[in-house]
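Thanks for coming. I'll take the contacts between the chains, then the core and a few helices. Please look at the structure while I talk.

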There are 2 protein chains.
Amino acid sequence: MSESVGARAGGAYDVVVIGGGPVGQNVAEGARAAGLSVAVVERELVGGECSYWACVPSKALLRPVIALADARRVDGAREAVTGSIATSGVFGRRNRYVTDYDDTGQADWVRSIGADLVRGDGRLDGVRRVVVGGSDGERVLTARQAVALCTGSDPVLPELPGIEEARPWTNRTATDASTVPGRLVVVGGGGVGVEMATAWQGLGSAVTLLARRPLLPRMEPFAGEMVADGLRESGADVRIGVSATELHRPDPAGPVGVLLDDGTRIEADEILFATGRSPRTKDLGLETVGLTPGAWLDVDETCAVREVEGDWLYAVGDINHHALLTHQGKYQARITGAAIAARAAGQPLDTAPWGAHAVTADFHAVPQIFFCDPEAAAVGLSAAQAEEAGHRVRTVDVDFAEAQGANLWADGYRGRARMVVDLDREILLGVTFVGPGVSELLHSATIAVAGEVPIGRLRHAVSCFPTISEVWLFLLKAYGG
Amino acid sequence: MSESVGARAGGAYDVVVIGGGPVGQNVAEGARAAGLSVAVVERELVGGECSYWACVPSKALLRPVIALADARRVDGAREAVTGSIATSGVFGRRNRYVTDYDDTGQADWVRSIGADLVRGDGRLDGVRRVVVGGSDGERVLTARQAVALCTGSDPVLPELPGIEEARPWTNRTATDASTVPGRLVVVGGGGVGVEMATAWQGLGSAVTLLARRPLLPRMEPFAGEMVADGLRESGADVRIGVSATELHRPDPAGPVGVLLDDGTRIEADEILFATGRSPRTKDLGLETVGLTPGAWLDVDETCAVREVEGDWLYAVGDINHHALLTHQGKYQARITGAAIAARAAGQPLDTAPWGAHAVTADFHAVPQIFFCDPEAAAVGLSAAQAEEAGHRVRTVDVDFAEAQGANLWADGYRGRARMVVDLDREILLGVTFVGPGVSELLHSATIAVAGEVPIGRLRHAVSCFPTISEVWLFLLKAYGG
């Protein structure tokens, strides 16, 4: 694990990146592209949470479940699906996509762009200084231009009696397990909760999903409702409005007992908590530059930390709390990389909305997909969010069944689409699609929202017949005019 | 079959539409929405070629084949696909989507919008006059505002020795057959040819596809190459650069012999000709208004026939030869319906490019998808077409494998994307996607092309990780800047 610490004279770099996940890698790539010297500090696996314990393995587990569900929805194909999902095949593909939890390939990539990879625990030690602690002591790196904090987030576990004894799953265990629990309780109705409930129910667990609020609370309400219906149809027990209050696992090899606030008790083989994230900023040395350890970091449009003078400290990805999504973190990282490069070269920055150095999409056009059955995909603002933000809006809802292409794609197709129109500008503020096979359809909405394409022009964007995408035609027709 | 011919006084209407397919229906709907009286004349089934013998049944046949292929590409799911495709199930769903070749539902829909449905052979009889011939004689309809010709196209059969004796399949037989031929020869490498080769090979036929030119000649060359590879991998025999020269079927119940221009001879159980389309304008009475029967009709941006004075005659859909696609025909029909309504009301028309009364997308942003394996989807201009049109372009190619979402969607994903950039305007002129599961991704490109979204803005349209759509990120990255 020893790497080229301080390969450059005195450990001095233009840019030091703490965190070698997709976000850190993109910052490093942008800085390197501008000819800046870069060190990437990583304490675990290069590639980060996303590559090993989140997006990648979760999608690897989910896709076989969804592919079979999609085939079963088509007469003529359904009859060919006579076997069961092969969990060995599913875990095998998961292991392949996480490269067996070996980061050699990604570490090589970091070096291939000409950055130094420094293994160890990185933390700030005053202005433009980073200390990296490893098994062989501490080393100091200095950053002439910038330090970028890209450390991501950790799962939050609630403080419940018995939670330690219960040894609960988090996103890590839920994505790296290779045994199917007979009974799995999932606590939390956000993205991780519904995706992991979908995956493990599909892999053979009897899943009970517990959520205090309706599922997927940040999306349009119908998204969570339809995903709950889908989970129930797949056999899961979805309970909304309940919380776990106490856990018991007296025998470490035995089942876990879960007491709920409605007085009922569930027994399961494992329990997964998917109850939120906290920033990995506790041990980052934030106090050495006047910031509060453990807090989310407030950043400007280039992801420079607002409370720190001199635009040398950036917080990119989950830890700035804009949108805890790999793709948004990478987007921020591209913009931050360009901003660091421009500032280093003394060039002007374009920080106007939608400019090359402004993370505007973080506020106006964040896309998100939950790969459940049905898939739930949305970009931009929900109707409620748009109204709360003071926009004069009209909401247009369409049943996907209007589009014959949806029915042809899946017999008995059930899905719903919504667009939220800014009546003053005649552009879209948000779009939501819920239904099988809609995940690749979302980017059309993302381009429409981020591109602020006027409705009148969207009418010239013809959707092919017969596709699911033809729902666009019916949305525009329902809007009228 | 007798309907309310002349239900309105003297058979006088504001608008007479000849052809009750999707195109005619959309013209009628637009005119009715403006309060105009409308007659729709249909000689066959209301719903037209698309509903009964083209898009709808072909997609109904194809989708089970593709759904199983998609599941087989995913480890863990593949193992569950232990049975064969059920042709009875496939034909059953096809029959359901074509409503057993009964048009009652669509006829009811025409009446539900307040239009009169007139069954029979419609043809022009001078200015603003239509004669409808039926089993009970002829009736005359007059049109105060407009006559819209929406009759579509017919398959063209080559003049080959023995072609009548061979009783070849056309798109009609290829989509309404309910028996799987043991051996099927498909002549023609355009959309109908490759889709029907895919469907019937998937349903169990041993397909030989004969094409004079590379497949899908209007798309980027790699589209046809990849589709040819896919067909070959599924077991089809794809022969490029050959033509049938002679057919023999001495025994009507026996096989058909096909002689090729390379001297070889093939024997098959059926032969499908998918060798182009001709306009259904032969018996439309075009000569009564000074036009040439049998020709494609040249129209302006509202689909009014250029050679006819007074803007009362429209040719919408296939017969104007802009783009022989249902969705483009419906697009034209929406614009034509609005233009007829505006002219009837004496309102000004917006015929500027991308205006409400201009079929601009017909020339700049036609989307098309072939539902083969891999799927081939494109919008706008190919690189060659863009250069030929005099644009200063740059072509950017990306392998879908760059996007981890593609690999997660299908193990060993193979696909290719191309975007053609107008260097002077920094917008996209065309985009092509070839790969499994790309059909719903196309609309993102269609919005980008029709919306003329600047590249700089597309960089703020973040594609979700991990999706196939993330290919956008790699296209933009490869473009640089």
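The axes of α3(A) and helix α3 (residues 55-72) of chain B come within 9 Å of each other and cross at roughly 160 degrees. Here helices (H or I, at least four residues) and strands (E, at least two) are DSSP runs numbered from the N terminus. Axes are lines fitted to C-alpha atoms, for helices over the stretch in contact, and angles run from 0 to 180 degrees between N-to-C directions. α3(A) and α3(B) are therefore roughly antiparallel, where over 145 degrees counts as roughly antiparallel, under 35 as roughly parallel, 65 to 115 as roughly perpendicular and the rest as oblique. The crossing of α3(A) and α3(B) is left-handed; left-handed is when the near helix is turned anticlockwise from the far one by less than a right angle, and right-handed when clockwise. Ala67(A), Leu68(A), Asp70(A) and Ala71(A) meet Ala67(B), Leu68(B), Asp70(B) and Ala71(B). Contact means C-beta atoms, placed from the backbone, within 7 Å.

Before going on, the source. This is a predicted model: local features need pLDDT of at least 70, side-chain atom pairs count only at pLDDT 80 or more, and totals for chains, interfaces and linings use all residues. Residues are numbered from 1 along each chain as its sequence is written, and chains are lettered from A and ligands numbered from 1 in the order in which they are written.

Now the whole interface. 72 residues of chain A are in contact with 72 residues of chain B. Which element gives the largest share of the side of chain A that touches chain B? α3(A) does, with 10 residues. That side divides into 38 nonpolar, 24 polar and 10 charged residues. Nonpolar covers Ala, Val, Leu, Ile, Met, Phe, Trp, Tyr, Cys and Pro; charged covers Asp, Glu, Lys and Arg; the others, Gly among them, are polar.

Val90(A) sits in helix α4 of chain A. Is Val90(A) buried or exposed? Val90(A) counts as buried because it has 26 C-beta neighbours inside 10 Å; the cut-offs are 20 or more other C-beta atoms within 10 Å for buried, 12 or fewer for exposed, and in between for partly exposed, with C-beta atoms placed from the backbone. Beyond four places in sequence, its contacts include Leu61(A) and Pro64(A), and from the other chain Asp75(B) and Gly76(B). The C-alpha atoms of Val90(A) and Pro64(A) are 6.9 Å apart, with their positions 26 residues apart along the chain.

Next, α15. In helix α15 (residues 471-479) of chain A, the buried residues include Trp472(A) and Leu476(A). The buried residues of α15(A) pack against elements of chain A, including β19 (393-399) and β20 (416-422), and against α13 of chain B. Gly480(A) follows α15(A) with a positive phi, near 80 degrees. In chain B, Gly480(B) just after α15(B) has a positive phi of about 80 degrees.

Last, the core. The largest nonpolar core, a set of buried Ala, Val, Leu, Ile, Met, Phe, Trp, Tyr and Cys residues joined through C-beta atoms within 7 Å, has 346 residues. Val17(A) and Val17(B) have the most contacts inside it. Beyond four places in sequence, the partners of Val17(A) include Val27(A), Val40(A) and Cys150(A).

Helix α1 (residues 22-33) and helix α9 (residues 326-344) of chain A have axes that come within 8 Å and cross at roughly 25 degrees. That makes α1(A) roughly parallel to α9(A). Their crossing is right-handed.

Terms used. Two residues are in contact if their C-beta atoms, placed from the backbone, lie within 7 Å.
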